[in-house]
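Let's take a friendly walk through this assembly, from its overall arrangement down to how individual helices meet. Have the viewer open beside you as you read.

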There are 2 protein chains.
Amino acid sequence: MERIAPIPENVTGGHAVLARILDRSNQQDSLVRSIAEQVGYAIIEGQLQPGDDLNSVDLSHQFNTSRTPVREALLWLEKEGLVEIPPRRRPRVTRLGLKEVRDIYEVRANLYSLVAELIVARASDADIVRLEPFKDQMAAACQAGDLEGYFWANVAFQDIETEICGNDQVRRILDSLMLRMLKLRYSSLSHPGRLEQSLQDHERLLRAYIERDAPLAAALKRGIVRRGLAVIERSGWSGDESPDGVSGEILAEEDLPEDDR
Amino acid sequence: MERIAPIPENVTGGHAVLARILDRSNQQDSLVRSIAEQVGYAIIEGQLQPGDDLNSVDLSHQFNTSRTPVREALLWLEKEGLVEIPPRRRPRVTRLGLKEVRDIYEVRANLYSLVAELIVARASDADIVRLEPFKDQMAAACQAGDLEGYFWANVAFQDIETEICGNDQVRRILDSLMLRMLKLRYSSLSHPGRLEQSLQDHERLLRAYIERDAPLAAALKRGIVRRGLAVIERSGWSGDESPDGVSGEILAEEDLPEDDR
DNA sequence: GAATTTATAAGTGTCGACATTTTATAGACC
DNA sequence: GGTCTATAAAATGTCGACACTTATAAATTC
C-alpha cells in the first residue's frame with residue numbers, strides 16, 4: 001500500500017471541509033480523528049485512488065498505533081462514503097459510479113434550493129453580507145483564470161450559505177455529500193466559459209438574497225448545482241479509473257470541444 | 001443500566017427500518033450488527049430513554065462479547081443519530097430537541113417532494129401499483145381507529161416511495177432521518193381527526209402518481225410531512241423527559257383540545 | 001446539615017495477541 | 001505455457017489487559 005503523505009501546512013479548502021465534519025462528529029484531538037483526517041485528505045487529493053486497498057495493519061504501522069483506532073477511523077470514513085468496508089475483506093477507497101454522482105447531485109440541487117429559501121426567509125442582512133468577500137474572491141479567480149482558486153472560493157461560499165441558513169441537519173447532509181464530490185472538482189471546472197457563467201449566477205444569487213427574493217434564489221441555486229453536474233457529464237467523466245493513474249486532473253487542463261447546446 | 005430485552009418475534013415496522021439501514025451499511029450477520037440492532041431497537045421502542053447511559057462494559061456483559069464490537073455498534077448508532085458519544089464519557093441515548101425535530105422535518109419535507117417528483121417522472125406503473133396495498137392497509141387501520149397500525153402502514157408506504165423513486169442517496173438519507181423520528185410516532189398521531197386527514201392526503205397522492213401529476217404530487221407530499229410536524233408541535237411535545245418515565249405514549253392516548261386554525 | 005475535598009470504584013481509549021478467514025505464492029498436472 | 005490445487009503468508013474480527021480519566025461514595029470542613 002502506498003505511504004500517505006502528511007497534510008501540508010497551508011490548509012486547503014478540501015481539508016477545511018473534512019475538518020469541519022470531523023469537528024462535529026468526533027472529539028477534538030484524538031487518534032481516530034487524526035487518522036481519519038489524514039486518510040480522508042489523501043483520498044480527496046487523489047493520493048489514494050478509488051479502489052486502492054486500505055489494510056489496517058499497514059496503516060497502523062504508518063501512524064504508529066494499534067489497529068483499533070485505525071479501524072474506527074476507517075469506519076468513520078465509510079459512513080462518510082469515502083471508504084468501503086466489505087465484511088472480512090480489506091477496506092478500499094470508494095469507487096464512485098456515474099449513477100451515484102447523478103443521485104447525489106439531485107439531492108444537492110434539492111437541498112441547496114431549500115438552503116436558499118431559508119436564507120431569504122431567516123438569515124440576517126449581516127449574515128448575507130458575509131457571502132460578499134467570497135463572491136469577490138470568485139470574481140478575482142475567474143479573471144485570473146485560476147480554476148483551483150475559483151473552486152475553493154466557491155466551496156467557501158457554499159459553506160457560508162449552509163451555515164447561515166440555520167438548519168444544522170441540512171448542513172450536515174450537504175457537508176457529507178460535498179466531501180464525496182470534492183474529488184470531481186477538476187472535472188467540474190473543465191469546460192471553457194464555465195467560470196464566467198458560474199460567477200454570473202452567483203452574483204445574481206447574492207442579489208436575490210439581498211432583495212429577499214426566495215423563488216428566484218431557490219431557482220438560481222438549483223440551476224447552479226444542476227449545471228455543475230452537466231459539466232461533469234460533458235467532461236466525459238465516467239468513474240472508471242485508468243489503471244496507470246491518469247486522473248481527472250489531466251483531463252481538467254485540456255480544452256474540451258465546445259458543445260454549448 | 002437497564003437490561004435490554006430481546007427483539008420480539010413478530011418483527012414490527014420499527015425494526016424493519018433499522019434492519020434495512022443495517023443491511024446497507026454493515027455486513028450480513030456480524031456481532032456488531034446484532035448489537036446495533038438490539039440497542040437501536042430498544043431506543044426506538046422507548047425501552048431506553050433519551051439521556052440513558054450506555055456504557056460499553058455493561059453492554060459487553062449483556063451480549064457476552066468484548067467491548068470492541070460494542071464500541072463499534074455504538075459508533076454506528078451515533079452516526080445514525082440515536083446515540084451521543086462525548087469523548088472520554090459514557091455514550092448516551094440522544095436527547096432530541098424541538099429545533100432538531102423542526103430541522104429534520106424541514107429536510108424531510110423537501111426530500112419527500114423530490115421523491116414524489118422522481119416517482120412521477122421515472123417510476124413504472126407497476127411500481128406505483130405496489131403502493132396500493134399499503135394505502136388500503138392505512139384505510140383499514142383508520143376505520144378501525146388503530147393508531148399504531150396506521151402508523152406502520154404509513155411507514156411502509158413511505159418506504160416503497162423512497163424505493164421506487166430510484167435515487168439511492170435520497171433513500172439512505174430519508175431512512176436515517178426516519179429512524180430518528182420513529183420515537184415520536186405516538187405524538188404524531190395524537191390529534192383527533194388526524195388519521196382521516198392523512199388518509200385522504202395519501203389517496204390523493206396515489207392518484208397524482210397514477211395520473212403523473214408531478215407538481216400536485218410534490219405539493220401533497222410536502223404538505224403531508226409538514227402536517228406531521230404541526231401535529232407533533234400541537235401535541236405539546238417538547239423533547240423534555242419527565243424523569244419518571246412518562247413518555248409520549250400516554251400523551252398520545254389523550255384527546256387534545258381542538259385547535260384547527 | 002450543606003458544601004467541599006478526598007478516596008475508591010467504574011469506564012474509556014488503546015494496545016498486543018490469537019483464531020479464523022482471505023489472499024498470495026509455489027508446485028503439480030495436462 | 002497455462003490452469004488448477006495445495007501451501008504459506010497476511011489481514012480481519014474479537015478478545016482480555018492496562019494506563020489514565022471520569023464518576024461515585026465517603027470523609028471532612030464550615
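What follows covers the symmetry, the contact between the protein chains, the surfaces near DNA, and three helix pairs.

## Symmetry and the chain A–chain B contact

A word on origin before anything else: this is a predicted model. A turn of 180° with a shift of 0.0 Å along the axis lays chain A on chain B, with an RMSD of 0.0 Å. The two copies are thus related as by a two-fold rotation axis. Both copies use the same surface, since 100% of the contact residues of chain A recur in chain B.

How many residues of chain A are in contact with chain B? There are 18 residues of chain A in contact with 18 residues of chain B. On the chain A side, H4, helix H5 (98-122) and helix H9 (168-181) each supply at least two residues. H5(A) gives the most to this side, with seven residues. Sorted by class, the side of chain A that touches chain B has eight nonpolar, five polar and five charged residues.

## The surfaces near DNA

Now to the DNA strands, beginning with strand D. There are 17 residues around DNA strand D, and the ones that come nearest are Asn55(A), Ser56(A), Leu31(B), Thr65(B) and Ser66(B). Helix H3 (56-62) of chain A, together with helix H2 (31-44) and helix H4 (67-79) of chain B, are the elements that give two or more residues to this surface. H3(A) gives the most, with three residues. The classes here are six nonpolar, six polar and five charged residues.

DNA strand C comes next. Of the 17 residues around DNA strand C, those that come nearest are Leu31(A), Thr65(A), Ser66(A), Asn55(B) and Ser56(B). The elements that give two or more residues to the surface near DNA strand C are H2 and H4 of chain A together with helix H3 (56-62) of chain B. H3(B) provides the largest share, three residues. By class, the surface near DNA strand C has six nonpolar, six polar and five charged residues.

## Three helix pairs

Two packed helices are described by the angle between their axes and the distance between the axes. Here are those values for three pairs.

| Helix pair | Angle | Axis distance |
|---|---|---|
| H2(A) and H4(A) | about 55° | 8 Å |
| H7(B) and H8(B) | about 165° | 8 Å |
| H1(B) and H9(B) | about 140° | 10 Å |

Take H2(A) and H4(A) to begin with, where the angle is about 55°. That makes H2(A) oblique to H4(A), and their crossing is right-handed. From H2(A), the contact is made by Leu31(A), Val32(A), Ile35(A), Ala36(A), Val39(A) and Gly40(A), and from H4(A) by Pro69(A), Val70(A), Glu72(A), Ala73(A), Trp76(A) and Leu77(A). These residues divide into 10 nonpolar, one polar and one charged. Leu31(A) also appears among the residues that come nearest to DNA strand C.

In chain B, helix H7 (residues 132-144) packs with helix H8 (residues 147-164) at an angle of about 165°. That makes H7(B) roughly antiparallel to H8(B), and H7(B) passes H8(B) in a left-handed crossing. H7(B) brings Phe134(B), Lys135(B), Gln137(B), Met138(B), Ala141(B) and Cys142(B) to the contact, while H8(B) brings Gly149(B), Tyr150(B), Ala153(B), Asn154(B), Ala156(B), Phe157(B) and Ile160(B). By class, these are nine nonpolar, three polar and one charged.

What about H1(B) and H9(B), whose axes are 10 Å apart? With an angle of about 140°, H1(B) and H9(B) are therefore oblique to each other. Their crossing is left-handed. Val17(B), Leu18(B), Arg20(B), Ile21(B) and Arg24(B) in H1(B) meet Arg172(B), Asp175(B), Ser176(B), Met178(B) and Leu179(B) in H9(B). This contact has five nonpolar, one polar and four charged residues.

Definitions and conventions. Residues are numbered from 1 along each chain as its sequence is written. Chains are lettered from A and ligands numbered from 1 in the order in which they are written. This is a predicted model: local features need pLDDT of at least 70, side-chain atom pairs count only at pLDDT 80 or more; totals for chains, interfaces and linings use all residues. Copies are superposed by least squares on the C-alpha atoms of residues with pLDDT of at least 70 in both. Two residues are in contact if their C-beta atoms, placed from the backbone, lie within 7 Å. Axes are lines fitted to C-alpha atoms, for helices over the stretch in contact, and angles run from 0 to 180 degrees between N-to-C directions. Helices (H or I, at least four residues) and strands (E, at least two) are DSSP runs, numbered from the N terminus. Angles under 35 degrees count as roughly parallel, over 145 as roughly antiparallel, 65 to 115 as roughly perpendicular and the rest as oblique. A crossing is left-handed if the near helix is turned anticlockwise from the far one by less than a right angle, and right-handed if clockwise. Ala, Val, Leu, Ile, Met, Phe, Trp, Tyr, Cys and Pro count as nonpolar, Asp, Glu, Lys and Arg as charged, and the others, Gly among them, as polar. A residue is near a molecule or strand if its C-beta atom, placed from the backbone, lies within 6 Å of it.
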